[in-house]
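Student: I am new to this structure and would like a close look at one part of it. Please take a single helix and describe how it sits among its neighbours.

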Amino acid sequence: MSNTDRHGLIAKTVRDSGGATVQELAELTGASDMTIRRDLDALAAQGVLERVRGGARTLLLRGEEPPFALRAQEAVDAKRRIAAEVASLIADGESVLLDSGTTCLEVARILRERHITVMPLSLQAIHLLGETPGHAELLVPGGKPRAAEGALTGPLALASLAALRFDTAIIGCCGLSAADGLTAYDLDDAAIKKAGIASARRVVLAADGGKLGRTARAHVGPATLLHTLVTDTTAPSDEVAALEAAGSTVKIA
């Protein structure tokens, strides 16, 4: 098991159960106690979990958005497949708005090699596109980054979106259902997503299957706003069918 896979399994186990001991995690992963202790120290430094004597416990309260560092460990392969499929929908020469979030960050890794113009809405994607040599032309919006997330929000970000028009907006989400539409945990983030959708001729939603059928508290808009949903094989078939019936094209990566 690779370090990335082991960290993801540890993070999920601690989150789902509320906590775990070093011995329990060692038995689960097949790693030594010493390796697990190092893993827990690393994950605690990233804000994924809290280190306690003999193990770790979750930092999450029910209903809270999982930290970026934790989400970055989850469904990594699926997110990369989704990112590749999303990138295949973008033609050279397009102007692209790229939302924040872990799946959209994977999209940024691919788009930096494309001959497009892209405006990311997260510090992580801006750094990735700006510091790594590539072909994409980078536009940097204004805004205030949300703590730990790096997502740009606020009046300056909204003004940047209002001033521009994009061929395609690549949007992430916290929840999506045919009944409740597109939702987010944070109200400011929801406002940015709304503005991003309004500024684009086409909306592509990048969301792993775990987001489908889930509803967060901040409403962004109905599912009918989406032109294309790119998800993975874990997406609930009933939700996929309902979204297709609502008019969205669904692609399974």
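Tutor: A residue is called buried when its relative accessible area is under 20%, and exposed when that area is over 50%. The model is a predicted one. The part to look at is helix α8, which covers residues 155-162.

Start with the side that is hidden. In α8, the buried residues are Ala 157, Ser 160 and Leu 161. Viewed down the axis of α8, these buried residues fall within an arc of 95 degrees, so they line one face of the helix. The general background is that an α-helix has 3.6 residues a turn, so residues three or four places apart point the same way. The other side of α8 carries Pro 155, Leu 156 and Ala 162, which are exposed.

Next, what does the buried face of α8 pack against? The buried residues of α8 pack against four strands, β4 (95-98), β5 (117-120), β8 (152-153) and β9 (166-171), and against one helix, α9 (187-198).

The helix neighbour can be described further. Two packed helices are described by the angle between their axes and the distance between the axes. For α8 and α9, the axes come within 9 Å and cross at roughly 10 degrees. An angle under 35 degrees counts as roughly parallel, and therefore α8 is roughly parallel to α9. On the α8 side, the contact is made by Ala 157, Leu 158 and Leu 161. On the α9 side, Ala 191, Ile 192, Ala 195 and Gly 196 take part. Ala 157 and Leu 161 are thus both buried and part of the contact with α9. By type, the residues of this contact divide into 6 nonpolar, 1 polar and no charged.

One residue beyond the helix helps to place the strands listed above. Ser 122 lies in the loop between β5 and α7 (123-131), and β5 is one of the strands that the buried residues of α8 pack against. Is Ser 122 buried or exposed? Its relative accessibility is 4%, so Ser 122 counts as buried. Leaving out residues up to four places away in sequence, Ser 122 touches Ser 100, Gly 150, Ala 151 and Leu 152. Strand β8, another neighbour of the buried residues of α8, covers 152-153.

To put the helix together: one face of α8 is lined by its buried residues, Pro 155, Leu 156 and Ala 162 are exposed on the other side, and α9 runs roughly parallel to α8.

Key: Residues are numbered from 1 along each chain as its sequence is written. This is a predicted model: local features need pLDDT of at least 70, side-chain atom pairs count only at pLDDT 80 or more; totals for chains, interfaces and linings use all residues. Side-chain values use heavy atoms; hydrogens and water are left out. Buried means under 20% relative accessible area, exposed over 50%, partly exposed in between (1.4 Å probe, protein chains only). Helices (H or I, at least four residues) and strands (E, at least two) are DSSP runs, numbered from the N terminus. The arc is that of the directions from the helix axis to the C-beta atoms. Contact means heavy atoms within 4.5 Å. Axes are lines fitted to C-alpha atoms, for helices over the stretch in contact, and angles run from 0 to 180 degrees between N-to-C directions. Angles under 35 degrees count as roughly parallel, over 145 as roughly antiparallel, 65 to 115 as roughly perpendicular and the rest as oblique. Ala, Val, Leu, Ile, Met, Phe, Trp, Tyr, Cys and Pro count as nonpolar, Asp, Glu, Lys and Arg as charged, and the others, Gly among them, as polar.
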